[in-house]
Amino acid sequence: MENSGKLIHPELTGEAIGSFYSVYNAFGYGFSEKVYCNGLVYELESRGLLVEREVPKQVFYRGHPIAVYKVDMLVEKNLILEVKASKHLVEADEQQLLNYLRVTDLQLGLLLHFGPRPAFKRMVSTHKPFICP
């Protein structure tokens with residue numbers, strides 16, 4: 001993970017974060033992840049953005065497919081959104097988003113936490129997709 005100081009997709013990130021806070025302000029804390037995801041899809045699409053849900057991403061080992069990850073949301077084919085609706089985030093939540101970035105050719109992801117207090121973490125990866133030779 002690296003950050004060169006130049007923001008990647010700043011407008012898209014701004015729309016996603018704005019949508020996150022709109023949904024959080026409407027629902028607050030305590031709903032299931034599915035409720036927040038559905039609200040986010042509606043909000044993002046109302047802003048004219050293309051949103052795909054539970055997008056399958058293949059994981060390869062030595063050129064062979066061995067697993068499939070399902071990304072919570074893919075916005076405009078450039079931004080991964082990972083949604084959590086828990087009391088606290090744990091290290092595994094961040095690692096999950098980093099792994100999604102590693103198995104795709106995407107660089108940008110947001111971890112959106114619908115916890116007791118709303119929070120987000122922007123993650124940038126400059127690694128190439130993880131494919132073992």
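This is a short walk through the helices, a few backbone oddities and some single residues of a predicted model.

Okay, hi everyone. Some housekeeping before the fun part. Residues are counted from 1 along each chain as its sequence is written, and side-chain values use heavy atoms, with hydrogens and water left out. Because the model is predicted, local features need pLDDT of at least 70 and side-chain atom pairs count only at pLDDT 80 or more, while totals for chains, interfaces and linings use all residues.

When I say helix or strand, I mean a DSSP run, numbered from the N terminus: H or I with at least four residues for helices, E with at least two for strands.

Let's start with two helices. How do H1 and H2 pack? Helix H1 covers residues 10–27 and helix H2 covers residues 33–46, and they pack at an angle of about 130 degrees with their axes 9 Å apart. The axes here are lines fitted to C-alpha atoms, for helices over the stretch in contact, and angles run from 0 to 180 degrees between N-to-C directions. That makes H1 and H2 oblique to each other. The rule goes like this: under 35 degrees is roughly parallel, over 145 roughly antiparallel, 65 to 115 roughly perpendicular, and the rest oblique. Their crossing is right-handed, meaning the near helix is turned clockwise from the far one by less than a right angle; anticlockwise would be left-handed.

So who touches whom? From H1 we have Glu15, Ala16, Ser19, Phe20, Ser22, Val23 and Phe27, and they meet Val35, Tyr36, Gly39, Leu40, Glu43 and Leu44 of H2. Contact means heavy atoms within 4.5 Å. Sorted by type, the residues of this contact come out as 8 nonpolar, 3 polar and 2 charged. For that sorting, Ala, Val, Leu, Ile, Met, Phe, Trp, Tyr, Cys and Pro are nonpolar, Asp, Glu, Lys and Arg are charged, and the others, Gly among them, are polar.

Look at Ser19 for a second. Ser19 sits in helix H1. Is Ser19 buried or exposed? Ser19 is buried, at a relative accessible area of 0%. The cut-offs are under 20% relative accessible area for buried, over 50% for exposed, and partly exposed in between, using a 1.4 Å probe and protein chains only. Leaving aside neighbours within four places in sequence, Ser19 contacts Leu40, Glu43, Leu44 and Arg47.

Over to H2 itself. H2 has 14 residues and runs 20 Å from first C-alpha to last, close to the 20 Å expected at 1.5 Å a residue. That expected span is 1.5 Å times one less than the number of residues. The buried residues in H2 are Tyr36, Cys37, Gly39, Leu40, Val41, Glu43 and Leu44. Their cover includes H1, strand S1 (51–61), S2, S3 and S4.

Here's a handy bit of background: an α-helix has 3.6 residues a turn, so residues three or four places apart point the same way.

Next, helix H3, residues 91–102. Its 12 residues should span 16 Å at 1.5 Å a residue, and the end C-alpha atoms are 16 Å apart, which agrees. Asp93, Leu97, Leu98, Asn99, Tyr100 and Leu101 are the buried ones in H3. They pack against strands S2 (64–75), S3 (79–84), S4 (108–114) and S5 (118–124). Take Asp93, which counts as buried at 11% relative accessibility. Not counting residues up to four places away in sequence, Asp93 touches Lys84, His88 and Leu111.

Now the backbone oddities. Most residues other than glycine have a negative phi. Which way does His9 go? His9 has a positive phi of about 50 degrees, although it is not a glycine. His9 is in the segment before H1 and is partly exposed, at 31% relative accessibility. Glu76 also isn't a glycine, and its phi is positive, at about 55 degrees. You'll find Glu76 in the loop between S2 and S3, partly exposed at 29%. Gly48, just after H2, has a positive phi of about 85 degrees.

Last stop, two strand residues. Val68, in strand S2, touches Pro56, Lys57 and Gln58, again not counting residues up to four places away. Val68 and Lys57 are 11 residues apart along the chain, with their C-alpha atoms 5.5 Å apart. Lys121 is in strand S5 and is partly exposed, at 33%. With that same sequence cut-off of four places, Lys121 touches Glu94, Gly109, Leu110 and Leu111.

That's it from me, thanks for listening!
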